[in-house]
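Work through the exercises below with the structure open. Try each task before reading its solution.

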Amino acid sequence: MAEGCLRALRYGMVFFNLLFWLGGCGILGVGVWLSITQGNFATLSSSLPSLSAANLLIAVGSIIMLIGCLGCVGAVKQNRPLLLSFFILLLLILLLEILFMILFFAYQDEIDLYAQSDLKKGLQLFGTEGNIGLTNAWSIVQTDVRLLHSFLYDNCGLENPGTWWTAPCYERVKGWLQENLVALWIFALCTALTQILGLVFSMTIFCHAVKVETFYA
């Protein structure tokens with residue numbers, strides 16, 4: 001009975017980590033495609049020019065692929081080093097996420113003011129020499145937001161730079177996030193639950209592998 005449960009646990013871990021690995025491949029592929037075809041598409045932030053959509057997708061996709069590979073191969077072979085590496089990486093990511101949430105809520109006002117100031121600086125650099133990527137990013141975002149979510153008034157667009165921030169564009173984006181707060185919390189909780197299950201499953205298989213190796217030693 002216990003052996004059957006463990007086998008089901010291994011198969012489940014292999015299946016989900018395989019899905020994660022494939023998802024990571026997809027995210028990495030999109031990031032590489034953006035980097036090649038939209039090389040000048042940079043960040044909206046003037047102080048963080050390397051924080052582009054392509055770089056973020058490449059980094060996230062690579063991490064997901066690595067974790068998925070460690071979990072999948074470690075579960076199939078019951079390899080202790082791989083399972084332990086999977087557990088440690090997943091635990092570090094979970095702890096970093098918790099730390100980020102704590103810092104975000106602790107310094108919410110400061111982060112809010114910094115974001116507004118930084119985005120204003122980015123808009124002021126729109127169309128200037130040497131800021132093609134930032135210009136493209138703002139053009140795409142303003143256009144897409146206008147079409148999809150109607151966040152922006154006419155005088156908040158790109159036609160008249162003198163009135164970019166006359167209308168409360170930033171506040172409208174914050175309003176959209178607040179309206180979808182429940183969905184965001186559900187996504188965050190599902191992500192955390194998946195990570196916790198991954199930690200439990202990997203440590204269970206790891207402990208079983210240790211017992212088997214000790215028994216046959």
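## Exercise 1: A leucine at the surface

At 42% relative accessibility, Leu 181 is classed as partly exposed. The model is a predicted one.

Task: Justify that class for Leu 181, then place the residue in its helix and its surface patch.

Solution.
- Step 1. Recall the cut-offs: buried is under 20% relative accessible area, exposed is over 50%, and partly exposed lies in between.
- Step 2. Apply them. Leu 181 has 42%, so the residue is partly exposed.
- Step 3. Find the element. Leu 181 sits in helix α7.
- Step 4. Find the patch. Leu 181 joins Phe 100, Met 101, Phe 105, Leu 177, Leu 184, Trp 185 and Leu 189 in a nonpolar surface patch of about 760 Å².
- Step 5. Name the contributors. Two or more patch residues come from each of α3 and α7. Helix α7 has the largest share, with 4 residues.

## Exercise 2: A glycine in α2

Task: Is Gly 74 buried or exposed? Identify its helix, and give its C-alpha separation from Arg 10.

Solution.
- Step 1. Locate the residue. Gly 74 belongs to helix α2.
- Step 2. Classify it. The relative accessible area of Gly 74 is 0%, so this glycine is buried.
- Step 3. Check the separation. Gly 74 and Arg 10 are 64 residues apart along the chain, and their C-alpha atoms are 9.4 Å apart.

## Exercise 3: The second largest pocket

Task: Which residues and helices line the second largest pocket, and what is the chemical make-up of its lining?

Solution.
- Step 1. Take the volume. The second largest pocket holds about 1300 Å³ of space.
- Step 2. Look at the centre. The lining has 33 residues, and those closest to the pocket centre are Ile 93, Glu 97, Thr 191, Ala 192 and Gln 195.
- Step 3. Assign elements. Helices α1 (2–37), α2 (53–77), α3 (80–106) and α7 (181–216) each give two or more residues to the lining.
- Step 4. Rank them. Helix α7 supplies the largest share, 11 residues.
- Step 5. Sort by type. The lining splits into 25 nonpolar, 7 polar and 1 charged.

## Exercise 4: The whole chain

Task: How many helices and strands does the chain have, and what percentage of its residues count as buried?

Solution.
- Step 1. Count elements. There are 7 helices and 0 strands.
- Step 2. Write the order. Along the sequence the pattern is α-α-α-α-α-α-α.
- Step 3. Take the buried share. The chain has 217 residues, and 26% of them count as buried.

Conventions: Residues numbered from 1 in each chain as written. Predicted model: local features only at pLDDT ≥ 70, side-chain atom pairs only at ≥ 80, totals over all residues. Heavy atoms only, no water. 1 Å grid on protein atoms, 1.4 Å probe; cavity = no way out; pocket = protein on both sides within 12 Å on 5 of 7 lines; lining within 4 Å. Points joined across faces, edges and corners; volume = space filled by probe spheres on them. Nonpolar A, V, L, I, M, F, W, Y, C, P; charged D, E, K, R; others polar. Patch = residues over 30% accessible without salt bridge, like charges linked within 9 Å, V, L, I, M, F, W, Y side chains within 5 Å. Areas by Shrake-Rupley, 256 points an atom, 1.4 Å probe, with all protein chains shown as cover. Salt bridge = Lys/Arg side-chain N within 4 Å of Asp/Glu carboxyl O. Buried < 20%, exposed > 50% of the residue type's maximum accessible area, 1.4 Å probe, protein only.
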